[in-house]
Amino acid sequence: MDVARLGELERAVMEVLWARGEPVSVREVHAALADRDLAYTTVMTVLTRLAAKNVVRRQREGRAWLYAPAASREEYVAELMLEALELTGDRGSALVRFAQSVSSDEADALRQALERGEKT
């Protein structure tokens, strides 16, 4: 997956896809975003662009495309964090600064994951 920063509408579309947990059509995403008063074609364009960025996968079902996230929300966020680390000349210092900013529960989760050597 290419990590792409998402615009506000792209994030809204991704939230729908992550919440559904199964491939969905443009029509279903459009219906889920009905409160935004978006044109169907706008939702279709956003999904097509997300597919081009490899943020979503699409598969043909009959005449329609079905869309699903290429990665979980957690995987996507982790990739963004890794990309941000690449921007610094001193990854260690950035990681220390990050670690100092997390809650004690989050620090415990990180500690446990490091102790287990998790690669999720």
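# Close-up views

**View A.** Glu15 is partly exposed here, with a relative accessible area of 38%. Keep in mind that everything you see is a predicted model. So which side chain does Glu15 meet in a salt bridge? That would be Arg73, with 2.5 Å from N to O. The two partners come from distant parts of the chain: Arg73 sits in helix H4 and Glu15 in helix H1, 58 residues apart. Arg73 has a relative accessibility of 31%, so it counts as partly exposed. If you're wondering why such pairs form, side chains of opposite charge can pair when their charged atoms come close.

**View B.** Glu10 and Lys53 join their side chains in a salt bridge, at 2.7 Å from N to O. This is another link between distant stretches, with Glu10 in helix H1 and Lys53 in the loop between H3 and S2, 43 residues apart. Is Glu10 buried or exposed? Its relative accessibility is 12%, so Glu10 counts as buried. Lys53, on the other hand, is partly exposed, with a relative accessible area of 27%. Altogether, the structure holds five salt bridges.

**View C.** Arg111 and Asp108 make a salt bridge inside one helix, H6 (residues 104-116). Their closest N and O atoms are 2.6 Å apart. How many residues separate the two along the chain? Three, which is about one turn of the helix. Arg111 is partly exposed, with a relative accessible area of 45%, and Asp108 also counts as partly exposed, at 34% relative accessibility.

**View D.** Here's the largest nonpolar core, a group of 20 residues. Val13, Met14, Leu17, Val29, Leu47 and Leu50 have the most contacts inside this core. Which elements give two or more residues to the core? They are helix H1 (8-20), helix H2 (26-32) and helix H3 (40-52). H1 supplies the largest share, with six residues. Zoom in on Val13 and, leaving aside neighbours within four places in sequence, you'll find it touching Val29, Leu33, Val46, Leu47 and Leu50.

**View E.** Three strands make up an open sheet in the order S1-S3-S2, paired in the antiparallel sense. Why is one side of S1 and of S2 left without a neighbour in the sheet? Strand S1 (24-25) and strand S2 (56-61) stand at the edges, and each has a single partner strand, so one side stays free of a sheet neighbour. S1 and S3 hold on to each other through two bridges. Look for Ser25, whose bridge partner in S3 is Leu66.

**View F.** Ala70 sits in the loop between strand S3 (64-69) and helix H4 (73-86). Its relative accessibility is 18%, so Ala70 counts as buried: the cut-off for that is under 20%. What does Ala70 touch, once neighbours within four places in sequence are left aside? Its contacts are Asn54, Val55, Val56 and Arg57. The C-alpha atoms of Ala70 and Trp18 are 9.9 Å apart, and the two residues are separated by 52 residues along the chain.

**View G.** Asn54, one of the residues Ala70 touches, has a positive phi near 65° although it is a residue other than glycine. You'll spot Asn54 in the loop between H3 and S2. It is partly exposed, with a relative accessible area of 37%.

**View H.** The loop between H2 and H3 holds Asp37 and also Leu38. Asp37 is not a glycine, yet its phi is positive, at about 55°. Is Asp37 buried or exposed? It counts as exposed, at 71% relative accessibility. Leu38 counts as partly exposed, at 22%. Not counting residues up to four places away in sequence, Leu38 touches Leu9, His30, Leu33 and Val43. For Leu85, which is 47 residues from Leu38 along the chain, the C-alpha separation from Leu38 is 35 Å.

**View I.** Val77, Met81, Phe98 and Leu110 come together as a nonpolar patch on the surface. Added up, their accessible area is about 320 Å². Where does Met81 sit? It's in helix H4, and with a relative accessibility of 40%, Met81 counts as partly exposed.

Terms used:
Residues numbered from 1 in each chain as written. Predicted model: local features only at pLDDT ≥ 70, side-chain atom pairs only at ≥ 80, totals over all residues. Heavy atoms only, no water. Helix = DSSP H or I, 4+ residues; strand = E, 2+ residues; numbered from the N terminus. Buried < 20%, exposed > 50% of the residue type's maximum accessible area, 1.4 Å probe, protein only. Contact = heavy atoms within 4.5 Å. Core = buried A, V, L, I, M, F, W, Y, C linked by side-chain atoms within 4.5 Å. Patch = residues over 30% accessible without salt bridge, like charges linked within 9 Å, V, L, I, M, F, W, Y side chains within 5 Å. Areas by Shrake-Rupley, 256 points an atom, 1.4 Å probe, with all protein chains shown as cover. Salt bridge = Lys/Arg side-chain N within 4 Å of Asp/Glu carboxyl O. Pairing = 2+ DSSP bridges.
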